[in-house]
There are 2 protein chains.
Amino acid sequence: MRDNNEMPGHLARRFQQIAVAVFLAEVSEAGFDLTPVQYAALASIKANPGIDQATLAGLIAYDRTTITGVVDRLVQKNLLERRASSRDRRARELEITDEGKRTLRAITPAVEEAQRLMLRGLSPKEAAELMRLMRKAIAAGNELSRAPLRETTG
Amino acid sequence: MRDNNEMPGHLARRFQQIAVAVFLAEVSEAGFDLTPVQYAALASIKANPGIDQATLAGLIAYDRTTITGVVDRLVQKNLLERRASSRDRRARELEITDEGKRTLRAITPAVEEAQRLMLRGLSPKEAAELMRLMRKAIAAGNELSRAPLRETTG
DNA sequence: TACTGATAGTCAGCATACTGAGCAATATCG
DNA sequence: CGATATTGCTCAGTATGCTGACTATCAGTA
């Protein structure tokens with residue numbers, strides 16, 4: 001069998017596994033209980049008030065069915081409000097609450113530290129190169145997953 | 001907010017998301033129903049007959065509790081046998097079945113093609129560099145997840 | 001041998017992620 | 001306008017992955 005270390009799929013999973021562990025550890029240490037996708041959703045909603053779930057899903061490249069549950073839990077935690085859209089009665093408009101904004105501000109240093117920590121084995125130049133190569137591979141494969149990135153907000 | 005494209009955690013998740021989608025698509029097209037972890041487990045057990053679950057988990061860097069379910073499903077599909085160890089009555093020895101060997105052989109080209117496809121946006125040199133950098137980052141963060149890689153078979 | 005600690009496996013519970021299906025509402029085109 | 005296609009969201013079902021707890025067993029030691 002081919003060595004796992006020669007399988008990009010294995011390396012991708014492993015790197016992401018560590019990234020998630022580092023994220024949760026830093027966030028937990030800072031006194032918060034927020035997952036990576038919950039953070040990404042919260043930040044995107046703050047930057048795009050009133051965004052609907054489908055557009056949000058496209059912005060952070062998550063499946064719509066996953067976003068339903070994520071938003072459920074953020075609403076449960078009083079970090080988000082979900083209300084019916086007036087323009088399109090199928091859609092749900094998402095708005096961050098004051099508590100959501102406070103949480104986002106307070107948690108950001110831990111998130112930044114986590115991003116730094118997950119690359120701690122690399123020099124700054126290597127870290128930049130890793131990110132460039134991941135971006136390039138991702139761009140080429142964007143349409144291959146069910147949840148591609150969609151850059152448009154409208 | 002920092003751009004998602006500047007967050008290594010986001011890029012890691014996205015790359016892995018595409019890697020899994022490509023893997024499942026290729027394997028499905030080849031007529032099989034096997035997930036990445038199921039493939040990794042099957043291949044490791046073939047290479048290490050009679051391995052116990054904890055050692056297997058260490059070899060492919062999965063959590064023990066995840067491996068329990070994975071092995072359950074592989075046994076269900078008649079690709080594995082799980083039996084009590086004679087040396088250590090806590091342990092379960094894992095053995096690949098003939099059908100498991102046939103499946104592994106038949107599925108390998110699809111798996112190789114998936115590994116190639118998930119890097120299709122990169123030149124060979126870039127692909128090699130991406131893998132080197134992921135390996136380096138992973139090595140530095142190995143102990144940060146609950147399921148670190150353990151290279152020993154004994 | 002009795003005690004203590006570590007290890008192998010499982011389980012309950014939770015949160016992603018996916019497939020496929022379904023409903024309601026909107027957009028499009030004849 | 002009316003039929004059709006598309007879109008936004010949700011749900012059921014399945015499979016990872018994790019935390020924390022539990023049982024059974026083993027290993028080391030007083």
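In the predicted model, a polar backbone atom of Arg92(A) lies 2.6 Å from a phosphate oxygen of DNA strand D. This is a polar contact, that is, a pair of N or O atoms within 3.5 Å; within protein, one atom must be able to donate a hydrogen and the other to accept it, and residues adjacent in sequence count only if both atoms are side-chain atoms. The model is predicted, with local features needing pLDDT of at least 70 and side-chain atom pairs counting only at pLDDT 80 or more, while totals for chains, interfaces and linings use all residues. Residues are numbered from 1 along each chain as its sequence is written, chains are lettered from A and ligands numbered from 1 in the order in which they are written, and side-chain values use heavy atoms, with hydrogens and water left out.

Further polar contacts are found at DNA strand D. An N or O atom in the side chain of Gln17(A) is 3.0 Å from a phosphate oxygen of this strand, and for a backbone N or O atom of Arg89(B) the distance to a phosphate oxygen is 2.9 Å. Two or more residues each are given to the surface near DNA strand D by α1 (8-29), α3 (53-60) and α4 (64-76) of chain A and by α2 (36-47) and α4 (64-76) of chain B. Helices (H or I, at least four residues) and strands (E, at least two) are DSSP runs, numbered from the N terminus. The most is given by α4(B), with four residues. In total, 26 residues surround DNA strand D, the closest being Ala54(A), Arg90(A), Thr35(B), Tyr62(B) and Arg146(B). Of the atoms of DNA strand D that come within 4 Å of the protein, 67% belong to sugar and phosphate. A residue is near a strand if one of its heavy atoms lies within 4 Å of it. The surface near DNA strand D has six nonpolar, eight polar and 12 charged residues. Here Ala, Val, Leu, Ile, Met, Phe, Trp, Tyr, Cys and Pro count as nonpolar, Asp, Glu, Lys and Arg as charged, and the others, Gly among them, as polar.

Around DNA strand C there are 25 residues, of which Thr35(A), Tyr62(A), Arg146(A), Ala54(B) and Arg90(B) come nearest. Sugar and phosphate make up 66% of the strand C atoms within 4 Å of the protein. Polar side-chain atoms of Thr35(A) and Tyr62(A) lie 2.6 Å and 3.3 Å, respectively, from a phosphate oxygen of DNA strand C. The largest share of the surface near DNA strand C, four residues, comes from α4(A).

The structure holds 30 salt bridges over all chains, a salt bridge being a side-chain nitrogen of Lys or Arg within 4 Å of a carboxyl oxygen of Asp or Glu. One of them joins Arg82(A) and Asp72(A), with 2.8 Å from N to O. Arg82(A) is in strand β1 (residues 80-84) and Asp72(A) in helix α4 of chain A, 10 residues apart, so the pair links distant parts of the chain. Glu112(A) forms a salt bridge with Arg2(B), the closest N and O atoms being 2.2 Å apart. This pair joins two chains, because Glu112(A) lies in helix α5 (residues 98-117) of chain A and Arg2(B) in the segment before α1 of chain B. Glu112(A), at 30% relative accessibility, is partly exposed, meaning between the limits for buried (under 20% relative accessible area) and exposed (over 50%), with a 1.4 Å probe and protein chains only.
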